[in-house]
Each structure stands twice: as C-alpha cells, then as structure tokens.
Amino acid sequence: MNAPVRSIAQTNDGVTVTSDAGVWTAAWAVVATAPPMAARISYTPPMPPRRDAFTQRMPMGSIIKVHVAYETPFWRAKGLSGSILSDRTATGLWMDHSIPGVETGGMVGFFGGGHAQAWAERSPEERRARVLEDLATYLGPEANKPTEYVERSWPAAPWQRGAYWAMPTPGALTAFGPALREPVGRIHWAGTETADANIGYLDGAIQSGERVAGDIVNHL
Ligand SMILES: Cc1cc2nc3c(=O)[nH]c(=O)nc-3n(C[C@H](O)[C@H](O)[C@H](O)COP(=O)(O)OP(=O)(O)OC[C@H]3O[C@@H](n4cnc5c(N)ncnc54)[C@H](O)[C@@H]3O)c2cc1C
C-alpha cells in the first residue's frame, strides 16, 4: 500500500522493484495491475514488442460511481422500484441499494462511457447537481434533498485511470492475445483481466492469483 512501483529491472538471477516507498529484490515479480497500468511501469530491459503492443491496445473503461443517501426510500411510496435504465440523462443506470431493515434510503448509480469521460473533468459539485437533477427526473423532486452524496471518479484515480476493467480493442486478442498472460522472464502477470473466466470481477482476480501462485511454485 502507498508504494507505487515506478520501475522493475530484471536479470537472469532476479528482479529489482523500485517504488516510492523503497526498493525490493526478489527471485520473481508478479504484476497484478490492469494491463494498461502495468504498461506505465518502466522495465529494464524493455518489454518485448508483442507485450508492449498488446498493452497499447487494452484501455480502461470509463465509470464514475455515485451513492446518494436519503432520509427514507421515498420512491417506494410512489410504487417505484428505484431501478432505472435510461439514455435520457447523463446518469442512466440506478439501483435502490437501501439497507433492508433500516429507515433510510439509498440509490447507487453510474456515469458511464462518454458521460463518465465528460463528467470526470467537471467538479464534484457540478456532478452532484447533475446527479440530483437526473434522479429528480425519474423519482420526483424529493430526490433534490439527499442526506449524503458520495462519489468515486475512477477515470481520475491516478492508479486506476478507469473502470470497471481494461478491455482489448477489436483484433488485439487475435493478434497479440498470448501476451496477456505469458511471463516475460522473471515477471508474471496477474489481475482480473488475465483470468480464464469472470474477467472484470473479483472472482477473476482471485483465479488469476491462484494461477500465478501455482506458476511461481513450479519454478521453485
Ligand atoms: C465501481 C466498480 C464496481 C464493481 N463492482 C463489482 C461487483 O459488484 N462484483 C465484482 O466481482 N467486481 C466488481 N468490480 C470489479 C472488481 O473491483 C475488480 O474486478 C477487482 O478489484 C480486480 O482486482 P485486481 O486485483 O485484478 O485489480 P485491482 O483491484 O484494480 O488492483 C490493482 C491494484 O494495483 C494498484 N496499482 C496500479 N498501478 C500500480 C503501481 N505502479 N504500483 C503499485 N500498485 C499499482 C492499484 O492501485 C490497485 O490497487 C467493480 C469495480 C468497480 C470499479
């Protein structure tokens, strides 16, 4: 934690990992970030052309996640479920995520794709105003009086630069696919994007950790 890795150097004998919090040497390294974030680390020697070409073709998605809390789930009294799927507003996917058994209400929603890219460059106050306007469109004017607003702009997060995950552009897997998982010398690749199934989910991340741990054990 709090140790962003800036560079990884490898020789036939081991790896040296340099981060803002210190330098580590080891026999093997596992890079478990999304591929485009892995590409921002400086490697010595440089990555082989196929691996570098692949990571150039796997951008992060664009999502801003928003939670809005209310004194009550007021929409239910109007016979509304709180589930919204619409392209009429900047935020178009919403769900009621009120906690069962408590009086307060909550909505969780997203700016996605082009809307996330455009709104990531606006201020949190501007996004809050837009979110409340959108919710009022679907749920009524009560939506303008939240008790709390919490957001996470994933495209702006310096060590994520997007969400939910990284996706290969058309043709990238056909042309460069093996580079997704193939180790480069003493550097192995993990993370949900490298999973066999459930890519983009926690399950995929865990699978990838198990796979790469097995690969390293086989080296020992
Ligand atoms: C809004 C949102 C909702 C989601 N909802 C669900 C859901 O409901 N269910 C589900 O299963 N999954 C969900 N996911 C996806 C899930 O969070 C991911 O699939 C999972 O976290 C991927 O795990 P990972 O270990 O591969 O990568 P990450 O969790 O992204 O971990 C990679 C880590 O690497 C760090 N990092 C990046 N660069 C460097 C560097 N140079 N040096 C050191 N560290 C670095 C990052 O800070 C990050 O902590 C959601 C994701 C988002 C964003």
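Colleague: Where does Leu93 sit?

Modeller: Leu93 belongs to strand β8, which covers residues 91-96. Keep in mind that this is a predicted model.

Colleague: Why is Leu93 called partly exposed?

Modeller: The relative accessible area of Leu93 is 32%. Buried means under 20% and exposed means over 50%, with partly exposed in between. Leu93 therefore counts as partly exposed at 32%.

Colleague: What makes Leu93 eligible for a surface patch?

Modeller: A patch residue needs over 30% relative accessible area and no salt bridge, and Leu93 has 32%. The nonpolar patch on the surface is formed by Leu85, Leu93, Met95 and Tyr164. Together these residues have about 420 Å² of accessible area.

Colleague: How do you know that Arg6 and Asp20 form a salt bridge?

Modeller: Their side chains meet at 2.7 Å, N to O. The cut-off is 4 Å between a side-chain nitrogen of Lys or Arg and a carboxyl oxygen of Asp or Glu, so the pair of Arg6 and Asp20 at 2.7 Å qualifies.

Colleague: Why does that pair tie together parts of the chain?

Modeller: Arg6 is in strand β1 (residues 5-10), while Asp20 is in the loop between β2 (15-19) and β3 (22-26), so the salt bridge joins parts that are 14 residues apart in sequence. Arg6 is partly exposed at 42% relative accessible area, and Asp20 is partly exposed at 48%.

Colleague: How many salt bridges does a search of the whole structure find?

Modeller: The search finds 9. Another one of them joins the side chains of Arg76 and Asp96 at 2.9 Å, N to O. Arg76 lies in the loop between β6 (63-70) and β7 (84-85) and Asp96 in strand β8, so this pair ties together parts that are 20 residues apart in sequence. Arg76 is partly exposed, with 46% relative accessibility.

Colleague: What makes the contact of Glu142 and Lys78 a salt bridge?

Modeller: The side chains of Glu142 and Lys78 meet at 2.9 Å, N to O, and the limit is 4 Å. The pair links distant parts of the chain, 64 residues apart: Glu142 is in the loop between α4 (124-139) and β10 (148-153), and Lys78 is in the loop between β6 and β7. Glu142 is partly exposed at 33% relative accessible area, and Lys78 is partly exposed at 40%.

Colleague: Why is Asp134 called buried?

Modeller: Asp134 has a relative accessible area of 0%. Buried means under 20%, so Asp134 is buried. Asp134 is found in helix α4.

Colleague: What does the side chain of Asp134 reach at 3.4 Å?

Modeller: That side chain reaches the backbone nitrogen of Ala90. A polar contact of 2.8 Å also joins the side chains of Asp134 and Arg130.

Colleague: Which residues come nearest to the ligand?

Modeller: Of the 18 residues around the ligand, they are Val5, Gln160, Thr192, Gly200 and Leu202.

Colleague: How do you know that Thr192 makes a polar contact with the ligand?

Modeller: A polar backbone atom of Thr192 is 2.8 Å from an oxygen atom of the ligand, and the cut-off for a polar contact is 3.5 Å. The distance for Thr192 is therefore within the limit. For Leu202, a polar backbone atom is 2.9 Å from a ligand oxygen. Taken alone the ligand exposes 1000 Å², and the protein buries 65% of that.

Methods
Residues numbered from 1 in each chain as written. Predicted model: local features only at pLDDT ≥ 70, side-chain atom pairs only at ≥ 80, totals over all residues. Heavy atoms only, no water. Patch = residues over 30% accessible without salt bridge, like charges linked within 9 Å, V, L, I, M, F, W, Y side chains within 5 Å. Areas by Shrake-Rupley, 256 points an atom, 1.4 Å probe, with all protein chains shown as cover. Helix = DSSP H or I, 4+ residues; strand = E, 2+ residues; numbered from the N terminus. Buried < 20%, exposed > 50% of the residue type's maximum accessible area, 1.4 Å probe, protein only. Near = heavy atom within 4 Å. Polar contact = N/O pair within 3.5 Å; in protein donor to acceptor, adjacent residues only side chain to side chain.
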